[in-house]
Amino acid sequence: MPARSDLHKLLILGSGPIQIGQAAEFDYSGTQALKALRRLGYRIALINPNPATIMTDPDLADSTYLEPLTADFVRLVIAKERPDALLPTLGGQTALNLAMELDRDGTLAHFGVELVGAKADAIDKGEDRARFQEAMHGIGQKTPRGELVHGTDQARGALERFGLPAVIRPSFTLGGTGGGIAHTEAEFWRIVEQGLQSSPVHSVLIEESVLGWKEFELEVMRDLADTVVVITAIENVDPMGVHTGDSITVAPSQTLSDVEYQRMRDAAIAIIREIGVETGGSNIQFAVDPSDGRTLVIEMNPRVSRSSALASKATGFPIAKIAALLAVGFRLDELPNDITRVTPAAFEPTIDYVVTKIPRFAFEKFPGAEPWLGTQMRSVGEVMAIGRSFKESFQKALRSLESDVRLGLAELNDRELGELLRPNPRRIQAVLEGLRRGWGVDLLRGATGIDPWFLWQLAELVGAEAEIRASGDPAAWSAAIWREVKAMGFSDQAIAELTGSDPTAIRSLRKSQGVRPVYKTVDTCAAEFEAYTPYHYSSYDLEDEVAEAERPRVLILGSGPNRIGQGVEFDYATVHAVWALSELGYETVMVNSNPETVSTDYDTADRLYFEPLTFEDVLNVVEREQPVGVLVQLGGQTPLKLAGPLSQAGAPLWGTPATAIDRAEDRAAFHALCGELGLRQPAGAVAKTPEEALTLAGQLGYPLMVRPSYVLGGRAMQVVGSPSQLQSYLTSVYKNLAGQPSLLLDRFLENATEIDVDCLCDGRRALIAGVMEHIEAAGVHSGDSACVLPPVSLSAALLAEIEASTVRLALALGVKGLLNVQYAVQSGQLYILEANPRASRTVPFVSKAVGWPLAKYAARIAAGQSLDDLGLHSPPAPKHYSVKEVHLPFLKFAGVAPQLGPEMRSTGESMGIDALAELAYYRAALGAGQRLPRSGTAWLVGAGLEEVAGDLRKAGLEVSEGEPADAAGALPELLIDLTASSLLRRALEGGVPIVTTKEAARWTARAILAASRCDLQVTPLQEWLS
Amino acid sequence: MLGRERALLVLEDGTVYRGYAFGHRGETVGEVVFNTSMTGYQEIMTDPSYYGQIVCMTYPHIGNYGVAIYDMESNRPYVQGMIAREFSEHYSNQRAQQSIEELMRDHGIVGISGIDTRALVRRLRSGGVLKGVILHRSVIHPDDPLGDFDPEEEQACVLAALRHPDIDGRDLTPEVTSPLPHAFPTLHRGKRVVLIDFGIKHTIIERLAEVGIEPIVVPAQTSPSQIMALQPHGLFLSNGPGDPAVPRYAHETAWKLLGLLPTFGICLGHQILGLAVGGRTFKMKFGHRGANQPVKNLLTGRIEITAQNHGYAVDLESIPGQQFRATHLNLNDGTLEGMVHARYPVFSVQYHPEASPGPHDSRYLFDRFVEEIDAFDGATGLPVARAKSLI
């Protein structure tokens, strides 16, 4: 059966802003699907309000709607586009839930839209816990004993039957939001109530605990001819009890014998058939009792997922792409395996390496939240590494994380270290430290539940560390010893630390013995067939498989694991750079370690190296590929901080020179430059010690913005209003910072409006691409502030000054590519806050707002083209307003006040476009998940909200001002609270939109009013930009 | 960890891989093949079809889950040697009783680890199967196991590999077949099937018993009359090692019994059927060995993921008179994976529906065999008459 010819137009739903549990993997999946389906000639309409995605680029779909993923907006799009079918399995839980809603309310039937990929009944059967259990029992599969409860009375009964610990899982939530494991009765009631609230259908499943059992996931695909294949098994190193998104996982499974694996495979196949997922991928989770092998089915996701993205990267089998093709009628045996070309996609990948995934967390940004891990996912990103052994793969993954989670563990006493064997982000490091202290595998197994096979592997690593340490001078090592050590994954840096040497010396000793990595190929077939896809990873084996290049190569460094402050925006920029350089005829080489992304799709760059973004690993690739250029400016801080060392090592850096980057980042140099250019800066100073900070602060005057000298995403950044507040910052925040960095003190500009500018410069000429006015006042991190483009409140004179200053600065720095400048306007005065000569996180937003592919332009400039060559003569002048709003993950961090501040905490963003700025804001807010009401009650707490109250009343809302008498009673439809009261947290958990700043309150009220006065329509991005 | 006993793998074409000694300390020579299954090393090692072969596992970690008595495919390992990137010193699995190294030491299986197994596979893929030698350093230098081999020692291995007889042209079934006929203990009575043991895997017998068959295993050289004397309801031709074209007695037995009994052949048994009716087999470049081979069932259109282990294949075109037609094809290279006789209830597959190791997608073939037996019971006396004449 080839592609269905009765379908012409398909509607695809994205997953919205990046959030915990639903991240860049859906951009990867969606982008793959869009490319594959359009190649077949289908017309595609896409809805996704997330501008930072590749999938929402105007040339990937026929009509792209940056509109909120709500039933109302999707209905508008359906009415306008009249698609034949809706493919709901590519946009995560958001898309799946939305498709179900539209099915239930009759929209799909009304407009004659067919669900393809998964039918409503199959989705419901897979997702509804009671139906799922029943289905499993029907085919003889066991599930944990459990009961679906709808209220606290039923929950009491379940507690009596199953006892503690008990697992509580809310129905239909994302990343297990609102669930958890209760060890005590108090915990039980707290989690049950929270779960009932966060479940859209107000039900939770209470289950017997399978804590500590081994955990496996199978990625399964099925086609319409009922052929089923398993793409890979993923084994969780962290046993049951830690959400798989928060677990260290490996592929393939390591500790299952063939008998056990095949039994699980049989079960998975029976399950996908029983649930009735007709085509596409599903993820099925199993728990295995390590004492007797008893296997239980935990859950199934009838859609592509984070794990399927991981499985695709781990095996080379593009699950989302194939799923999309199966959904429109192809059979697996009709589709070729891209990698081998001659064999079909109807097979099961077999691999000859080990893949390790390690999640990355951001608890340091949420003081107050306990960093213990459970069934609710809280990691913000992940890394993957490939090695020819578990040890190599694991050590590569650890260094890909770019966070020194080892820090300080050696200083802990045994009891403190023992505490860290409970699930937490540093647990694996605590295990390693325990092994160094001679703690046995049995003890660690008892404390962690981690399978002994992994513990033995780690013990062997720790044993090797001791041997390396004892082996004395590495200068005496033979090539064989070097190979053995490197094959275990030890970095030059680690060897240097163990032998008291320095990494540069280690590198040259190693190379003098002729020991350097070779690059192997990910080929889906363990080398049985020739691979045509240059998807490589390093290993210390003998044979290198990299083909000689035919054209000059350019290396593009990716951005590593997603984290708060460095997210999918940078992946977006690097992917655009790849495309631009490819258009110029270069062979593009991508280096990255993040499995969730489009950049690590083997289809993106001409060559893909799945490698850690460390100096050693990147330089190895540079030495192997001998590129004519290396691009570091598009992947955020991760590649940027390699600019200096790579440049010194002789790598040909393209774009803005490293010296210009230093000049912008070095405070004194930048201060001098601003002075020369006549740019006003807020008064500031650098303090080397806490004492000096107090003295200098006294001279500068309060309030002050204080932060450590290195800064990403506003880490440890605070506004202090008095000496005592500074004192408390020094004792509570600064004290815990690694390395006791210098402190930067700047006069804080109160009530100032912040401005973000993105500018393109070719060294001779500079052009402003976009000026964004922040909605929240200075003091809220620019990454967490909503913004509007073009600005709405700046005078023409001020705008001219901003443009002139930016151009001057770009030329003075010698920028060749992108420059992002942040300004503040206070009482009509313009201050420059900082300048970053690299792609900023606003690049995709601005690109979509003005219709300029900024990252592509930047890459072309880096390759030597001028603005004239690009045909860019004057700044773009969009006739519409674009608003960016952010998604904040407060819901996942119990006990944290949902307040904005100088520390960035948003995980993702949404975009709204409209001819009216207020309506653009309305769309962006809804897109970010703020369900702004059109009727009902709004509570306003805080002073100066009279105008807001007036607007809301005019829009038809009931407004109650001041803290309500009955704060524990029913929640309103909107809460505006400027006083940081405890109401905020309750409202947040109750799903009520919350607004915490006066500026946002004003915009929100105006947006609701504007929306109430018009009949909202939807317009595709392509139309706005034409 | 750092510094282990050295070992060599030397191929007949002179390629030398330097690694570490594993398993029984010694020297071995055989045909080097690779298997891409990520699990099931124990089943592979104890599968008699690997007799005479040194198996390189492409998955880099072997031994992780130890060795379980329940997972033996025969009474001992039959591989001539084992190659892996890394053998796990420690294993973890509640079903296991010993480590892979213990199994290898108990049965004298020589292994090598630490070599670039992927390079080896690519070598075999492009150049075809080669003979090779594994040599442990302690065999020739018991006092200095950690040292390097010298070039003459490596050269001696090349010669040993070259001198070793090819599998092509050899009948290896006598080395692995049961010495005496025996019944498999089962509660089933009635559907008696004679299993000609060319090196049968235990799981095949189990699968047959599971579908209600009473299996009687007979040695490879059992004559047709001896077989018919057992009054069977069906005939099964097993898997096994070696060149299928050599054991003429087996072709003859299959030919004489053709049409008398519902017959099912697996792997070597499939090839013997093809040869029995006048067809030819050919040696493949590097064979199919793994658990992910896609096979299309031409009767249903469905794809089965199959376990395979064969270096020879039947050339369907060579079978005179279209006596057999294809039922299964390999999707990777289009080779014949299954066939059925045009007139008789005789069918066979090149792959391993019993799996072990591998996917269970094709277990239905055992049910089909039982259906053929049941249908045949009510058939006319013609075959029975022919059977009498044989006795």
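The exercises below work through selected features of a predicted model.

**Exercise 1. Confidence**

State what scores the model carries and where in chain B pLDDT stays under 50.

Solution. Begin with the overall scores: ipTM is 0.96 and pTM is 0.95. Next, take chain B, where pLDDT averages 94 and 96% of the residues score at least 70. Then locate the weak stretch: over residues 378-391 of chain B, pLDDT stays under 50. For that stretch the model has twelve contacts beyond four places in sequence.

**Exercise 2. The interface between chains A and B**

Determine how many residues of each chain are in contact, and describe the side that chain B contributes.

Solution. Count the residues first: 45 of chain B are in contact with 52 of chain A. On the side of chain B, the elements giving two or more residues are α3 (117-127), β15 (280-297) and β16 (303-315). The largest share comes from α3(B), with five residues. Finally, sort this side of chain B by class: 17 residues are nonpolar, 17 are polar and eleven are charged.

**Exercise 3. The two domains of chain B**

Give the bounds of the domains of chain B and characterise the contact between them.

Solution. The domain assignment divides chain B into domain 1 (6-163) and domain 2 (173-390). Their C-alpha centres are 30 Å apart. Domain 1 of chain B puts 23 residues into the contact, and domain 2 of chain B puts in 22. On the domain 1 side, β3 (27-35), α1 (41-45) and α3 of chain B each give two or more residues. Of these, β3(B) gives the most, three residues. By class, the domain 1 side has ten nonpolar, nine polar and four charged residues.

**Exercise 4. V33(B)**

Is V33(B) buried or exposed? Place the residue in its element and list its contacts beyond four places in sequence.

Solution. V33(B) belongs to strand β3 of chain B. The cut-off for a buried residue is 20 or more other C-beta atoms within 10 Å. V33(B) has 24 C-beta neighbours inside 10 Å, so it counts as buried. Setting aside neighbours within four places in sequence, its contacts are Q53(B), V55(B), V129(B), G287(B), R289(B) and G311(B). As a check on distance, E371(B) is 338 residues from V33(B) in sequence and 36 Å from it in space, C-alpha to C-alpha.

**Exercise 5. Helix α12 of chain A**

Why is helix α12 of chain A described as largely enclosed by the rest of the structure?

Solution. Helix α12(A) covers residues 390-400. Eleven of its eleven residues are buried, so the helix is largely enclosed by the rest of the structure. Among the buried residues are charged ones by name, including K391(A), E392(A), K396(A) and R399(A). After the helix comes E402(A), whose phi is positive, near 55°.

**Exercise 6. A parallel sheet in chain A**

Work out the strand order of the open four-stranded sheet and identify which helix packs on it.

Solution. The order is β35-β34-β36-β37 (chain A), and the pairing is parallel. The edge strands, β35 (958-961) and β37 (994-995) of chain A, each pair on one side only. Strand β34(A), residues 937-941, runs parallel to β35(A) and is joined to it by four bridges. In one of these strand pairings, T937(A) has E958(A) in β35(A) as its bridge partner. Helix α32(A), residues 946-954, packs on the sheet and touches β34, β35 and β36 (974-977) of chain A. The direction of α32(A) makes about 155° with that of β35(A).

Technical notes:
Residues numbered from 1 in each chain as written. Chains lettered and ligands numbered in written order. Predicted model: local features only at pLDDT ≥ 70, side-chain atom pairs only at ≥ 80, totals over all residues. Buried ≥ 20, exposed ≤ 12 C-beta atoms within 10 Å, placed from the backbone. pLDDT = per-residue confidence, 0-100. Contact = placed C-beta atoms within 7 Å. Domains from an automatic or database assignment. Pairing = 2+ DSSP bridges. Axes fitted to C-alpha atoms, helices over the stretch in contact; angles between N-to-C directions.
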